[in-house]
Amino acid sequence: MSEAQELDQLRQQIDALDQQIQVLINERAKCAQQVAEVKYKYAEPGSVVTFYRPEREAQVLLNVMARNEGPLPNESIARVFREIMSQCLALEEPLTIAYLGPHGTFTQQAAVKHFGHAVTCAGQVSIADVFREVESGSAQYGVVPVENSTEGVVTHTLDSFYDSNLYICGEVTLRIHHHMLVKSLTDNVQRIYSHAQSLGQCRLWLDQNFPNVERIAVSSNAEAARRASSEVGAAAIAGEAAAELYELEVRNSNIEDRPDNTTRFLIIGKQETIPSGDDKTSIMVSSRNQPGALYNVLAPFHEAGVSLTRIETRPDHSGTWNYLFFIDFEGHKNDQRISPLMQRLRDVAVDFKWLGSYPKAVL
């Protein structure tokens, strides 16, 4: 058999498989439509029907990766299924997702990574605006950054939970690669625009390579790219999406100080999420200003054998030198050992607020 014949045979096999895949995807889509019909059929009059189920999607993706035999890696095959679920969900209910914009930010990338491309992404000027869009019903869900592995917590996100009634429905992590972007590779860089977090994540690299160049913090990396595209002598620190959007050249790539630089984003919405089997819980606790206050908050976790994944302190709006503790820990509020733990925390805290129990990031 010749090379051409072997290739033709393999291509015919691929075409046949593609046909089978297409048929099965459409069968899955029909099932999704039937799910919507069943939900509407049994919904209480006047009630809100919810179609997006974070715990269900997390379970599907975990099952996909568990049965994967290659050659595609787990993350790649899971992303294929994420897109299939996204398109099927759009048949049930088209979603609008508010995110910290404008177009081309890492937060938008996180939104697409979590929800797929079959959603409408609505960029907002600030994190507070993302919360307002979801609270008003203009968007069903929002995506906001909460912490970076290099620069730490995003305080505006934590503070927004203080007066909000929204819940955390999920989380998504995104590896962050920063690039030095310019309009022309021959330009002399006189000032560098970027978000304050990004400038911090590239501080050592900038100190070594552009120690005397002015660094200007702006509202987003996309805004930095926009300015670099229109100003002579300006550069931006941003990602590939911003480079493509504003037609900029990559002068230096992957300039982040830590190669494992990762940002964690939260999915916020109005619904509570039921257990997925691999969950986190986030709470906000205000303790009395007295000796042992932090110990009284943390001791119940140790006694229950529950692992903390993050603890942050923020000023309490109720008074000077009073503080709030934002705590993330493993487990769901409905888990057998978590429910009594939360009751103990309510007993020792001046104020206690459950922010949400949600599936751990799958991808």
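Which residue stands opposite Leu181 in β9? To get there, let's walk through this predicted model, taking its helix pair and its two sheets in turn.

Start at the N-terminal end, with helix α1 (residues 3-42) and helix α3 (residues 74-92). Their axes come within 8 Å and cross at roughly 40°, and α1 and α3 are therefore oblique to each other. If you look at the handedness, α1 passes α3 in a right-handed crossing. On the α1 side, the contact is made by Ile25, Arg28, Ala29, Ala32, Gln33, Val35 and Ala36, and α3 brings Ile84, Met85, Cys88, Leu91 and Glu92. Sort those residues of the α1 and α3 contact by class and you get nine nonpolar, one polar and two charged.

Now on to a sheet. Here five strands line up in the order β8-β7-β9-β6-β10, making an open sheet with mixed pairing. The edges belong to β8 (214-218) and β10 (249-252); each has a single partner strand, so one side of each is left without a neighbour in the sheet. From one strand to the next, the twist averages 35°. Inside this sheet, β6 (residues 179-182) runs antiparallel to β9 (residues 234-238), and four bridges join the two. That brings us back to the opening question: Leu181 has Ala236 of β9 opposite. Helix α9 (residues 221-230) packs on the sheet, where it touches β6, β7 (191-195), β8 and β9, and its direction makes about 155° with that of β9.

There's another open sheet to look at, this one with four strands in the order β13-β14-β12-β15 and antiparallel pairing. Its edge strands are β13 (308-315) and β15 (351-359), each pairing on one side only. The twist in this sheet averages 15° from one strand to the next. Follow β12 (residues 279-286) and you'll find eight bridges pairing it with β15 in the antiparallel sense. Within that pair, Thr281 sits opposite Ser357 of β15.

This sheet has a helix to go with it as well: α11 lies across β12, β13 and β14 (323-330), running at about 10° to β14. Helix α11 spans residues 293-304, and Glu303 is one of its residues. Is Glu303 buried or exposed? It's exposed, with a relative accessible area of 53%. Finally, check Glu303 against Leu341: they are 38 residues apart along the chain, and 9.0 Å separates their C-alpha atoms.

Technical notes. Residues are numbered from 1 along each chain as its sequence is written. This is a predicted model: local features need pLDDT of at least 70, side-chain atom pairs count only at pLDDT 80 or more; totals for chains, interfaces and linings use all residues. Side-chain values use heavy atoms; hydrogens and water are left out. Axes are lines fitted to C-alpha atoms, for helices over the stretch in contact, and angles run from 0 to 180 degrees between N-to-C directions. Angles under 35 degrees count as roughly parallel, over 145 as roughly antiparallel, 65 to 115 as roughly perpendicular and the rest as oblique. A crossing is left-handed if the near helix is turned anticlockwise from the far one by less than a right angle, and right-handed if clockwise. Contact means heavy atoms within 4.5 Å. Ala, Val, Leu, Ile, Met, Phe, Trp, Tyr, Cys and Pro count as nonpolar, Asp, Glu, Lys and Arg as charged, and the others, Gly among them, as polar. Two strands pair if DSSP finds at least two bridges between them. Buried means under 20% relative accessible area, exposed over 50%, partly exposed in between (1.4 Å probe, protein chains only).
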